[in-house]
Amino acid sequence: MKTINQKGWFFVAPVVILVAFNALIPLMTVVNYSVQETFGNNLFLWQGLDWFQNLLRSDRFYGALGRQALFTSTILLIEIPLGVAIALAMPRKGIWVPVCLVLMSLPLLIPWNVVGAMWNIFTLPDIGLAGYFLNSVLGINYDMTQDPFAAWTTIIIMDVWHWTSLVVLLSYAGIISIPDPYYQAAKIDGASGWAVFWFIQLPKMKRVLTIAVLLRFMDSFNIYTEPFVLTGGGPGNATTLLSIDLVKTALGQFDLGPAAAMSLIYFAVTLLVSWIFYSYMTKDEE
Amino acid sequence: MVLELRQISKKVGQDTHLYPTSLRLEPGKFNILLGATNSGKTSLIKILSGLEKPTTGEVWMDGENVTGVTPQKRNIALVHQFFVNYPHLNVFENIASPLRVAGVAKSEISDRVKEAADILQLGPMLYRQPGELSGGQQQRCALARAIVKESKAIFLDEPLANLDYKLREELRDQLPELFAGRGAIVVYATSEPSEALLLGGNTALVHAGKITQFGETTAVYRNPVDAISAEVFSDPPINVTNVTKTGNWIRLNDAVKWKATGSSADLADGPYTIGIRPHFIKPEKDKKGLVEILGKVEITELSGSESVAHFQVSGNTWVSLDSGVHPYQIGEEHLFYMDPTACFYFDADGKLAATGGTDG
């Protein structure tokens with residue numbers, strides 16, 4: 001007879017417990033809320049998939065999703081090329097390397113709500129340095145509390161300021177790991193600077209850039225603190241991104257059911273896009 | 001077609017990579033740069049190829065001073081120890097890349113790439129990415145890129161160093177015919193003396209930023225001009241030790257002495273350094289006139305066809321090499337037999353002063 005040793009479970013148990021508490025149980029609570037109507041006094045009413053159906057028919061949700069998509073694609077289109085360009089321009093040896101690296105890391109070290117508050121004060125039209133300068137010195141009508149375009153510009157500049165460094169540092173790591181012989185080969189072939197970038201540096205950076213795009217996609221798609229502190233989602237709903245809308249629904253209106261359904265859809269969209277992108281980028285690397 | 005270094009030197013910051021050195025290379029033969037890691041082989045190749053400018057001195061190619069000319073204009077090719085291929089171009093495009101840059105017509109590119117690929121047995125892999133190839137195939141691809149463009153000079157910087165033993169042997173056997181009849185100057189850097197002897201041609205010995213000797217490979221091996229050259233070109237390492245000459249006798253220590261032979265008989269009395277290759281020290285007496293040396297066996301390396309023993313003689317480690325398998329006991333006192341006619345005698349400056357009569 002075959003003996004079965006059940007002790008093996010003890011070795012898997014820590015991971016099971018960790019994943020359960022870390023992801024599974026919190027997620028299941030959300031699933032639980034998403035199919036019920038929650039009242040006070042621990043009173044619940046079964047709703048089935050109503051919340052999901054309502055949400056997928058609501059203009060408000062698509063508005064927030066659209067703004068989120070616009071925000072994320074805009075900052076990706078700016079931060080990735082800009083980050084690569086800065087990384088290419090950085091020195092590769094000498095005393096300026098640590099200086100550049102520290103300067104680049106600085107924005108990353110600032111807490112998110114501080115960044116929001118900083119840019120809020122900085123761009124206020126009456127007292128902020130940038131706001132005052134634009135309005136009173138240059139005579140440009142700029143007020144992010146009133147004008148949606150100004151609010152969007154400010155949020156995007158803020159995000160670019162805060163997070164381009166991450167792309168720079170990852171790209172830089174990719175660039176300096178390219179062995180010298182590649183550049184020598186290009187030199188012997190007589191390749192131009194553009195060809196060196198296109199045929200050597202970019203392909204060699206592919207892996208780190210994939211990670212950079214993924215991280216920036218996930219972070220920016222889930223962004224909350226900075227725009228919340230900066231604009232609070234306004235003026236009107238102009239900068240109400242998905243997460244801001246979610247918090248408004250959950251805490252502002254205490255609609256736990258719809259908020260839970262929204263969270264799940266939100267999560268699914270993030271996961272799906274990340275998965276598609278990652279699979280596409282790594283499809284030739286079996 | 002001649003490639004010539006005229007008193008070139010290279011300094012980077014405070015470090016001297018090359019001391020003033022001259023070298024004259026001609027096509028038709030392999031030119032081997034033999035030296036240990038960091039001896040200056042790669043610096044020499046960078047200057048010969050134009051990747052770096054010498055600090056002083058000139059580089060001449062075909063009767064023209066090309067010191068400041070870029071590698072592209074010199075029409076050269078370089079194959080590295082690392083397998084350098086364009087990462088997202090397939091094998092065909094990789095081999096074609098130098099031709100595309102040079103603006104060769106499309107139909108011609110296709111013919112020349114296929115020809116080079118056939119020589120290097122890459123025919124079936126033309127449309128694969130470098131990442132899908134084995135190390136040996138990647139290096140073949142780099143070699144094909146080097147031969148396809150019909151360069152005037154081809155530099156191979158330890159091209160086999162990162163390949164496993166079997167692939168290395170296979171590719172090494174193909175190298176000489178690969179470059180034969182191309183009329184290019186071939187420069188091959190290696191740190192392995194056996195590789196230099198296998199590939200033949202001419203050899204330059206490089207040590208600590210200097211070329212200590214240059215000439216036909218076997219001649220350089222047989223007639224080292226100084227102690228350093230003898231050490232660079234010997235594997236297993238040549239035995240080097242101090243002796244004293246008094247009258248007709250050469251004395252190693254109180255127990256070991258021998259009668260001076262060959263041109264060493266004419267040396268003036270005094271201290272000398274001798275160098276003797278391991279295969280002239282045997283564990284058995286197989287002919288007359290050998291000198292007995294008692295040594296304590298420390299390390300043995302038996303490969304089947306060869307037996308190497310490291311043994312201690314009055315504070316020095318000696319190496320003996322014999323064919324076949326010879327049983328040694330670690331720690332035993334063993335009698336070794338040295339052939340004094342195979343000794344090189346170096347003077348106080350390390351220059352060759354005399355030999356024991358036969359070539360090393």
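**A tour from the interface into the chains**

Begin where the two chains meet: chain B and chain A bury about 1,600 Å² between them, and carbon and sulfur atoms give 66% of that area, buried area being the accessible area (1.4 Å probe) that two parts lose on being put together, summed over both. This is a predicted model, in which local features need pLDDT of at least 70 and side-chain atom pairs count only at pLDDT 80 or more, while totals for chains, interfaces and linings use all residues. Residues are numbered from 1 along each chain as its sequence is written, chains are lettered from A and ligands numbered from 1 in the order in which they are written, and side-chain values use heavy atoms, with hydrogens and water left out.

Stay at the interface and select the side of chain B that touches chain A, to which helix 2 (71-74), strand 6 (76-79) and helix 3 (91-102) of chain B each supply at least two residues; helices (H or I, at least four residues) and strands (E, at least two) are DSSP runs, numbered from the N terminus. This side of chain B divides into 13 nonpolar, five polar and three charged residues, where Ala, Val, Leu, Ile, Met, Phe, Trp, Tyr, Cys and Pro count as nonpolar, Asp, Glu, Lys and Arg as charged, and the others, Gly among them, as polar. In the contact, 21 residues come from chain B and 14 residues from chain A, with contact meaning heavy atoms within 4.5 Å.

Next, select helix 9 (residues 193-221) and helix 12 (residues 256-281) of chain A, whose axes come within 11 Å and cross at roughly 170 degrees. Axes here are lines fitted to C-alpha atoms, for helices over the stretch in contact, and angles run from 0 to 180 degrees between N-to-C directions. The angle therefore makes helix 9 of chain A roughly antiparallel to helix 12 of chain A, a label given to angles over 145 degrees. Among the residues that meet are A:Phe217 and A:Phe221 in helix 9 and A:Phe277 and A:Met281 in helix 12, and the contact of these two helices has eleven nonpolar, three polar and one charged residues.

Finally, move to chain B and select B:Lys41 and B:Glu158, whose side chains meet in a salt bridge (3.5 Å, N to O), that is, a side-chain nitrogen of Lys or Arg within 4 Å of a carboxyl oxygen of Asp or Glu. B:Lys41 lies in helix 1 (residues 41-49) of chain B and B:Glu158 in the loop between strand 7 (153-157) and helix 6 (165-179) of chain B, 117 residues apart.

Methods
Angles under 35 degrees count as roughly parallel, over 145 as roughly antiparallel, 65 to 115 as roughly perpendicular and the rest as oblique.
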